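Visitor: I would like to understand how the descriptive terms applied to this model are justified. Could each be set against its criterion?

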Amino acid sequence: MQPKFSPLTPKFPHLLHGGDYNPEQWLDHPEILDQDIALFQKAHINCVSLGIFSWANLEPQQDYFTFDWLDRIIDQLYQNGIYTILATPSGARPQWLAQKYPEVLRVNADGTKNLFGARHNHCYTSPAYRERVRIIDTRLAERYANHPAVILWHISNEFGGECHCELCQVAFRTWVQKKYGTLDALNRAWWAHFWSHTYTDWSQIHSPSPLGETSIHGLVLDWRRFVTQQTIDFMRTEIDAVKAVNSDIPVTTNMMTHYTYELNYYKFRDALDVISWDNYPEWHKPNSQIWAAESCSMTHDMMRSIQKKPFLMMECTPNTTNWHPVSKLKKPGMHKLSVLNAIAHGADSGQYFQLRQSRGSCEKFHSAVISHIGTEHTRTFREVAQVGAELERLSDLIYNSRTPVQVAIIHDVENKWALDQCRGPRNAGIDYFGAVQNNYRYFWENGINIDLVDSEYDLDGYRLVIVPMLYLFRAGIQEKLRQFVAQGGTLVTTCFTGVVDENDLCFLGEATEEKLSDVMGFWVEEIDGLFDGEENHMTWQNQRYRLYELCEIVHPTTCEVLATYESDFYQDMPALTRNRFGKGVAYHLCATAESRFFLDFYDMLTRQLGLERAMQTTVPYGVSLTWRETAQGQKLIFAQNFSAETKHLPLDQAYTDLLNDTTEHGICTLAPYTCKIVTPQQYS
Ligand code: GLA
Ligand code: ZN
């Protein structure tokens, strides 16, 4: 059988182990550079990311380029078996550039203009910035895109933020005008007659500002869409520049965790050859270690789902960051576990920020594979080296294997933007991320692979689709969900779903197809916001569950009522419903419910649907099982213990432990912060 996906690059079709390397900080210490390469080899580093913040060293004056230092480093690394991921340097610009072209610096939402400083401080629209970036990117590509060492382009660094300068205002107006065509259509879509905000000229359109307009929700939503689009447009100019020289080198850009929800990363899927992201959970925080593991696993799943294929973990810290509120050291074992966690969820790499620790400036206390001590005699180095050796050993088996999935959560960034500004029913907080994670938890705890896709993805191949709090229905989602259920799928929705259309305008009417009322079998009359600490309850299958935050009051049309509210004036009205539609079934939870409900509910559905698990077993709390499948159909199961206690995992058959070459049967013992990779014995 052929691998399902072609390898990212034929030059080096293996799991990557490496990270960000900033030799430009050490050019006057050649002995350190030599020493680094020797240490990289000891740590089984097979690739480094170079040039991310090197612009001032590559072009110290306008149109005067100095590549000789980079030539030497790329060559020297390659001679020692280490490949290069080459960055375009647009994430931070030289002083001379900002001085000569002040338009490149960002303007904030309140109209203030930034001074030179920090990084990521640039306008994505500025023609001067785009042109300078195009020139340096082209020069880099001409020099290195055909070098045998260069395997991947790392476009810029952590795209993010927005600019409100006049150039961006013009670009936004043009985008809006193209989208709506007429002012009449715009005023209707944005509901601008409200408060007399009617637009009578395109030039009146201005980005949302704390000093100006934020009351028009359609404007705010479209601004966020524009920022994503403009960022991608900027990124595409960089991609075009490097691909024009050699289109065979794949491109990526390093994304951040989805907490910020600044950009809609799902929109990046067609522009990039591979998705990569930077993963910095707060490990070992009291009472949230398992939560951290769960939420970063969820982000890994999201990143894999964007292109539905293996991704790269472009950065994680070898030990501690310097920017979390507290710089907690990773306890022994945690580093390897966190890298294997990424691989378990579909990553084909373990890469770090950073390989050598800075001596000065604001990241000098961020950990690195090689610390200020400068040797291999550190705990961090030893753990990194061990991870490298193990990835090297398992690369042939794991690399490019796929993640079989039968369940998807619809996780929609545009929905998050709309919820953030919705003004009611609970301005004290509606936790969308929490709603998604509450639905995710059961699958993470019970060894069931799961995708996180957005409203634009097709639902083919899924047996169960979960739609938590999808307040904003983008055009087409209704028909997709209707078809999914009609054809035999199981759909679960939760409260405050299907309230507004893609312009953030409320659906009108009692029970309408726009709101999916036919599929759900009820209509919603009103929704109650609960104060913090206030509760209602429902009892389902003899268990009583706490409800909080939001309680919808719904009227059944065709649905069955599985549970009702216990108190308040809506006592005995539906809290949980089920509707058979076509060949499938649609469940709806009318309120925000405690986590325990989701665990019991999805246990019922998993059994009913016979969803595939990593193993047929009871997984102890704190342990997560995930699996990948090789092209030959071999199941690779990652058993990860994120807790501080030894856990005992009952096995349903004999397995081979691939890291230790031993047989596991009966009970598998997992020490604190460890991961075992096992495969059913018939394959070994
Ligand atoms: C980000 C950046 C890196 C570095 C790390 C520190 O991910 O991409 O350059 O600043 O954070 O954790
Ligand atoms: Zn701008």
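**Terms and their grounds**

Guide: The model is a predicted one. To begin with, Thr-490 has a relative accessible area of 4% and is buried.

Visitor: Why is Thr-490 called buried?

Guide: Buried means under 20% relative accessible area. The value for Thr-490 is 4%, so this residue counts as buried. Thr-490 belongs to strand β13, which spans residues 490-494.

Visitor: Which residues does Thr-490 touch, leaving out those up to four places away in sequence?

Guide: Its contacts include Arg-463, Leu-464, Val-465 and Phe-484, as well as Val-585, Tyr-587, Leu-605 and Leu-609. A contact requires heavy atoms within 4.5 Å.

Visitor: How do you know whether His-300 is buried or exposed?

Guide: The relative accessibility of His-300 is 0%. The limit for buried is under 20%, therefore His-300 is buried. This residue lies in helix α9, residues 289-307. Beyond four places in sequence, His-300 touches Trp-277, Asn-279, Phe-311, Met-313, Asn-341, Ala-342 and His-345.

Visitor: What makes the protein as compact as a globular protein of its length?

Guide: The protein has 16 helices and 27 strands. Its radius of gyration is 26 Å, and the globule rule gives 26 Å for 684 residues; the two are close, so the protein is as compact as a globular protein of that length. Along the principal axes, the C-alpha atoms fill a box of roughly 75 × 75 × 45 Å. Buried residues account for 62% of the 684 residues.

Visitor: What makes Trp-323 a polar contact of ligand 1?

Guide: A side-chain N or O atom of Trp-323 is 2.7 Å from an oxygen atom of ligand 1. The cut-off is 3.5 Å, so the pair qualifies as a polar contact. The protein covers 96% of the 310 Å² of accessible area that ligand 1 has on its own.

Visitor: How do you know that Asp-278 and Tyr-280 also meet the criterion?

Guide: A polar side-chain atom of Asp-278 lies 3.4 Å from an oxygen atom of ligand 1. For Tyr-280, the distance from a side-chain N or O atom to a ligand oxygen atom is 3.4 Å. Both values fall within 3.5 Å, so each pair is a polar contact.

Visitor: How many residues of each class are in the shell around ligand 1?

Guide: The shell has four nonpolar, three polar and five charged residues. Among the surrounding residues are Phe-53, Arg-119, Asn-157, Glu-158 and His-366. Arg and Glu count as charged, so Arg-119 and Glu-158 belong to the charged class.

Note on methods: Residues numbered from 1 in each chain as written. Chains lettered and ligands numbered in written order. Predicted model: local features only at pLDDT ≥ 70, side-chain atom pairs only at ≥ 80, totals over all residues. Heavy atoms only, no water. Near = heavy atom within 4 Å. Polar contact = N/O pair within 3.5 Å; in protein donor to acceptor, adjacent residues only side chain to side chain. Areas by Shrake-Rupley, 256 points an atom, 1.4 Å probe, with all protein chains shown as cover. Helix = DSSP H or I, 4+ residues; strand = E, 2+ residues; numbered from the N terminus. Rg over C-alpha atoms; globule rule 2.2 N^0.38 Å. Buried < 20%, exposed > 50% of the residue type's maximum accessible area, 1.4 Å probe, protein only.
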